[in-house]
Amino acid sequence: MEAAGSASRAQALAGTKVPGADPAALTGRYRQARDAVIDAPDLAAAERRSALTDLTDRWVRDLFGTAATPGVAVVAVGGYGRRELVPGSDLDILLVHDGSRPDDAVATMADSLFYPLWDSKVPLDHSVRSLDEAARVAGDDYKVALGLLDARHVAGDPIVSSAIAERVTADWRRLAPKRLPQLREAVTDRAQRSGELAYLIEPDLVESYGGLRDTIVLRAVAASWVADRPHSAAIEESRGWLLTVRDALHRTTRRRSDRLLLQEQDEVADLLGLLDADALLRRVSEAGRAIAHASDVTWRSVERALAARSRRPRLRRKPTRRPLAEGVVEHEREVVLAREADIADDLGLAMRASAAAAQAGLPLAVSTMERLVAETPEIPVPWPASIREDFVRLLGAGADSVSVWEDLEAAGMVVR
């Protein structure tokens, strides 16, 4: 009942509308309604994001007009396109047209839309482009492409909105062998600048490695069809939690900054119903570790896939399978199970595979880890001597065992 009441409250707040009002009146009422949504104490963070997005959509449609506008569309991109508006979010908006209307007519539409948006004082990132221009810019700049991969129709001609989304997605897939290495380099540079979310005292919820930016990158990698990303409830829960913390941070500070500073952590924790800043950082760290691990796994898959594509067919050889331990082999620079391995009848296989991976300095294949999690029987206590010996080998691998431990923890095997 309480959740239903909050949802109804969110809908009511987002439903503010004054038919026939002039742009200034629409903008004034939008700001009032927006402030009410931000300050509503009974809204959960996800409900607030939804309410802010619905409210903004309605405002943009009212400003753009309900008359038929063939050939012209208003498209939400980036976080606005993903329906993830928080109090400090930019409004990323593209006015896109198919070239059938005169330039002065398109300019008039843009002015009637963007001037009231500027007057609202809500941060705005906007552009006006033809379909060809938008596709060309996205092809030249992967950052623009990332935003347009989340394009969502808001107003005007839906055919135009669909056309730009389809063109950008098709070009992203076609250019993936070139774009993904650039994106990987940008991720590495950002991680060096902003640090790793899980291990920072004052993390940036968006830019730090393992933060919200990396979840967007994972979606873009999956959209390329070169490699998939891990699909697990833990990743989605981690993303949702970081969005919730970001919402609380913006409401607490009334600033757009996404860095969780020490002096603000107790207040943010209190707003989220947590005991203190330590409890807040612990949960942020857990989310960051889950996302960073998913990113590591995904980029390994990308590197293998692009390497396989780059080989000439006449030079391709059948991949070799190098034995590492009983029932464990190396295949394509990953550790996998031998074809004859029987998890159900081999209590020590999971530990033996983990130790072999650490000793070889190689990752466990995702498919192998999934099988081990699903099929490994419960190990009796005390552990058999052979399993204890493999556990010592795993520990003895030193730094090379870190990535294996992370794989095991992400899969839930450490707790088991």
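**Exercise 1. Work out which residues sit on the exposed face of helix 16, and what lies on the other side.**

Start with the outside: Glu389, Val392 and Gly396 are exposed, on the face of helix 16 turned away from its buried side. Keep in mind that we're working with a predicted model here.

Next, the inside. Ile387, Asp390 and Leu394 are the buried ones in helix 16. They cover an arc of only 60 degrees around the axis, so they end up on the same side of helix 16. The spacing rule helps here: an α-helix has 3.6 residues a turn, so residues three or four places apart point the same way.

Now ask what that side touches. The buried residues of helix 16 pack against helix 14 (349-360) and helix 17 (402-411).

**Exercise 2. Check the length of helix 16 (residues 385-396) against the expected rise, then see what follows the helix.**

Take the 12 residues at 1.5 Å each: the span should be 16 Å. The end C-alpha atoms are 16 Å apart, so the two agree. Past the end of the helix, look at Gly398, which has a positive phi near 65 degrees.

**Exercise 3. Do the same for helix 10 (residues 212-224), then decide how covered it is.**

Length first: with 13 residues, helix 10 reaches 19 Å from its first C-alpha to its last, close to the expected 18 Å.

Then burial. Using under 20% relative accessible area as the cut-off, 10 of the 13 residues are buried, and helix 10 counts as mostly covered. Among them are Leu212, Asp214, Ile216, Val221 and Ser224.

What does the covering? The buried residues of helix 10 pack against helix 7 (142-148), helix 8 (158-174), helix 9 (176-194), helix 11 (233-253) and helix 13 (277-310).

Finally, helix 10 is followed by Trp225, and its phi is positive too, near 70 degrees.

**Exercise 4. Trace how strands 5, 6 and 7 are joined, and find the positive phi in each hairpin.**

Begin with strand 5 (residues 321-325) and strand 6 (residues 328-331): they run antiparallel, with 4 bridges joining them. One pair to click on is Ala325 and its bridge partner Val328 in strand 6. This hairpin has 2 residues between its strands, and Gly327 in the turn has a positive phi of about 80 degrees.

Move on to strand 7 (residues 334-337), which is antiparallel to strand 6 and joined to it by 4 bridges. Here Val329 stands opposite Val336 in strand 7. Again there are 2 residues between the strands, and Glu332 takes the positive phi, near 55 degrees.

Technical notes. Residues numbered from 1 in each chain as written. Predicted model: local features only at pLDDT ≥ 70, side-chain atom pairs only at ≥ 80, totals over all residues. Heavy atoms only, no water. Expected span 1.5 Å × (residues − 1). Buried < 20%, exposed > 50% of the residue type's maximum accessible area, 1.4 Å probe, protein only. Contact = heavy atoms within 4.5 Å. Arc of directions from axis to C-beta. Pairing = 2+ DSSP bridges.
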